[in-house]
Amino acid sequence: MDSTATDRFDTDRFEAGRSRLASLAYRLLGSAVDAEDAVQDAFLHWQAADRQQIRVPEAWLTKVVTNLCLDRLRSAQARRERAVGAWLPEPLLDGDPMLGPADTFLQRESVSLAVLTLMERLSPLERAVYVLREAFDHGHAEIAEILDISESASQQHLHRARQRVTAARRRGGEVDAASARRVVEEFLAAASSGRTERLVALLTDDVVAISDGAGLAEKLLRFDTPQRVAAVARAGFKPSPAKRRLAGGTPAMHYAVVNGTPALLAVVGDQVVGSVTFDLAGGKIATVRGIAAPSRLSRLTEAWRRHEPDTPLIAQW
């Protein structure tokens, strides 16, 4: 095989695993944009390496991507961005390959916005061990090799990560799809019509709403208590000329599934201009997350343009 054919063969080997590597990077970073950058950096490492000496390319690439992501998580810029409270995970539309693997409940939960947010409380090493074990089913010997730590250290990091995520997790399990949609439709109907009492009835007593302030806030806005969340939802979902100008037109409101959870998407033409996701507990809404920053919605918009949406819940908001 000549050098050109060898390069093409090796490129094909990398591309065959690109989706898995992107899924790993997304879980570690919570950002599709950063995940794509990490995978592309890994490709450059792959091209520069003596590939004849790499016995197991999948393991080698997993180690490279994981460590590139750890470098990003440890960087001063990343710590500043995440410490000031201006960060939420980037939402992805159901079916996006970056959300895989999704065969088990733990794998699906590990990519939920709730767990991606909770993982911000973990150290970079704890986060890496948690993702490699829970989402990709690597054994502790493999994880120790990837992270250059001992097996006992890997076990300890996983134990601490599980404790922290479990202690803070608010969801009790997967929610029936039809029930989830019904709750979200009721929320939208109550919020857009200003029915505060009905809104409060749909919320858990310890509900929390988190928003990037229509993409304009420097820090995340956080609201708690059913009454405050209901008031914010009522104000936020009340249409006005100013809001339409900010959105760039008159949005349609669509139901969707984002990171495995029910969501409302505001869509102008073929552009997603807002995403509101809901965590449910006991048939009620426990957490609301609103994201409208265009930089956080670019991949979701790309997926939406390839998507066949249902009839909008509100055709002209």
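Are Phe187 and Phe237 buried or exposed? I looked this up at the start and noted that Phe187 is buried, as is Phe237. I keep in mind throughout that the model is predicted.

**Entry 1, aromatic rings.** I found 4 aromatic pairs in the structure. In one of them, Phe187 and Phe237 meet edge-to-face, with 5.7 Å from centre to centre and 85° between the planes. I then checked where the two rings sit: Phe187 belongs to helix 11 (residues 177–193), while Phe237 is in the loop between helix 13 (226–236) and helix 14 (241–247), so this pair ties together parts that are 50 residues apart in sequence.

I followed Phe187 to another partner, Phe278, and again recorded an edge-to-face pair, here with 5.0 Å centre to centre and 70° between the planes. Since Phe187 is in helix 11 and Phe278 in strand 5 (residues 271–281), the pair ties together parts that are 91 residues apart in sequence. I noted that Phe278 is buried, like Phe187. Taken together, ring pairs join Phe187, Phe237 and Phe278 into a cluster.

**Entry 2, a charge over a ring.** I looked next at Trp46 and found Arg51 lying over the face of this residue, at 5.9 Å from the ring centre.

**Entry 3, two helices in contact.** How do the axes of helix 9 and helix 10 cross? I read that the axes of helix 9 (residues 140–147) and helix 10 (residues 151–168) come within 8 Å and cross at roughly 100°. Because angles of 65 to 115 degrees count as roughly perpendicular, helix 9 is roughly perpendicular to helix 10. I listed the residues that make the contact as His140, Ala141, Ile143 and Ala144 on the side of helix 9, with Glu151, Ser154, Gln155 and Leu158 on the side of helix 10. Sorting the residues of this contact by character, I obtained 4 nonpolar, 3 polar and 1 charged.

**Entry 4, Pro101.** I turned last to Pro101, which is found in the loop between helix 5 (76–83) and helix 6 (105–109). Its relative accessible area is 24%, so I entered Pro101 as partly exposed. Leaving aside residues up to four places away in sequence, I found that Pro101 touches Arg27, Gln107, Ala135 and Phe136. I also noted the separation of Pro101 from Ser19, which is 82 residues in sequence and 9.6 Å in space, C-alpha to C-alpha.

Technical notes: Residues are numbered from 1 along each chain as its sequence is written. This is a predicted model: local features need pLDDT of at least 70, side-chain atom pairs count only at pLDDT 80 or more; totals for chains, interfaces and linings use all residues. Side-chain values use heavy atoms; hydrogens and water are left out. Rings of Phe, Tyr and Trp (its six-membered ring) pair if their centres lie within 6.5 Å; planes under 30 degrees apart count as stacked, over 60 as edge-to-face and the rest as tilted. Buried means under 20% relative accessible area, exposed over 50%, partly exposed in between (1.4 Å probe, protein chains only). A charge sits over a ring if NZ of Lys or CZ of Arg is within 6 Å of the ring centre and within 35 degrees of the ring normal. Axes are lines fitted to C-alpha atoms, for helices over the stretch in contact, and angles run from 0 to 180 degrees between N-to-C directions. Angles under 35 degrees count as roughly parallel, over 145 as roughly antiparallel, 65 to 115 as roughly perpendicular and the rest as oblique. Contact means heavy atoms within 4.5 Å. Ala, Val, Leu, Ile, Met, Phe, Trp, Tyr, Cys and Pro count as nonpolar, Asp, Glu, Lys and Arg as charged, and the others, Gly among them, as polar.
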